[in-house]
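Student: I would like to learn how to read a few features of a fold. Can you take me through them?

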Amino acid sequence: MSTASARPLGEHHYALTTTWTGNRGTGTSGYRDYTRDVTVEVAGKPALLASADKPFRGDPSRWNPEDLLVAALSECHLLSYLHACVTAGVVVISYRDEATGLMRETGAGGGAFAEVTLHPQVVVAEESMVVAAEAAHAQANEWCFIANSVNFPVRHEATITVAGTDA
């Protein structure tokens, strides 16, 4: 086997900075003595204000890791889906996803996601595109880097309608 064929198709590196901003003056002297506020930054992009989820003493007005995971899956599927539609000759007019995630605590201080369900509502240009638009979700799932990186099911409950119809 040649070394050229053993190389990966492409490597992509990502870097960000996560900074805890919740020190109230005494650090982590006690569980209730600090906030879970965090700032996530990527060079050249607006800062993202994050925290823990509210049940874990977080600020509910900020993004939490669970929100970010569901958002990453939803956006990755959306972008992969649009590419799959272009490849299949499907013209997407609009796409909206009402994604949901289910995380279960283990009772031992940890937990894990059990599943994420995407609910894409897609509008296509013509009736003749509906079957291919439905099939493109399976292709998008195969292409989505994030869905391929998690160890729980990412389900799709899509609705496809045609522009100009009342469906």
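Tutor: We go through a sheet, a core and a helix residue. This is a predicted model: local features need pLDDT of at least 70, side-chain atom pairs count only at pLDDT 80 or more, and totals for chains, interfaces and linings use all residues. Residues are numbered from 1 along each chain as its sequence is written, and side-chain values use heavy atoms, without hydrogens and water.

Student: What is the strand order in the open sheet of three strands?

Tutor: Strands (E, at least two residues) and helices (H or I, at least four) are DSSP runs, numbered from the N terminus. Two strands pair if DSSP finds at least two bridges between them. Here the order is E1-E2-E3, with antiparallel pairing. E1 (17–20) and E3 (48–50) are the edge strands, each pairing on one side only. Three bridges join E2 (residues 38–41) to E3. Val-38 stands opposite Ala-50 in E3.

Student: Which element gives the most to the largest nonpolar core?

Tutor: A nonpolar core is a set of buried Ala, Val, Leu, Ile, Met, Phe, Trp, Tyr and Cys residues joined through side-chain atoms within 4.5 Å. Buried means under 20% relative accessible area, exposed over 50%, partly exposed in between (1.4 Å probe, protein chains only). The largest core has 14 residues; Val-90 and Ala-133 are among those touching the most other members. H3 gives the most, with four residues.

Student: Why does Glu-134 count as partly exposed?

Tutor: Because its relative accessibility is 45%. Glu-134 is in helix H3 (residues 130–143). Its C-alpha atom is separated by 7.6 Å from that of Ala-158, 24 residues apart along the chain.
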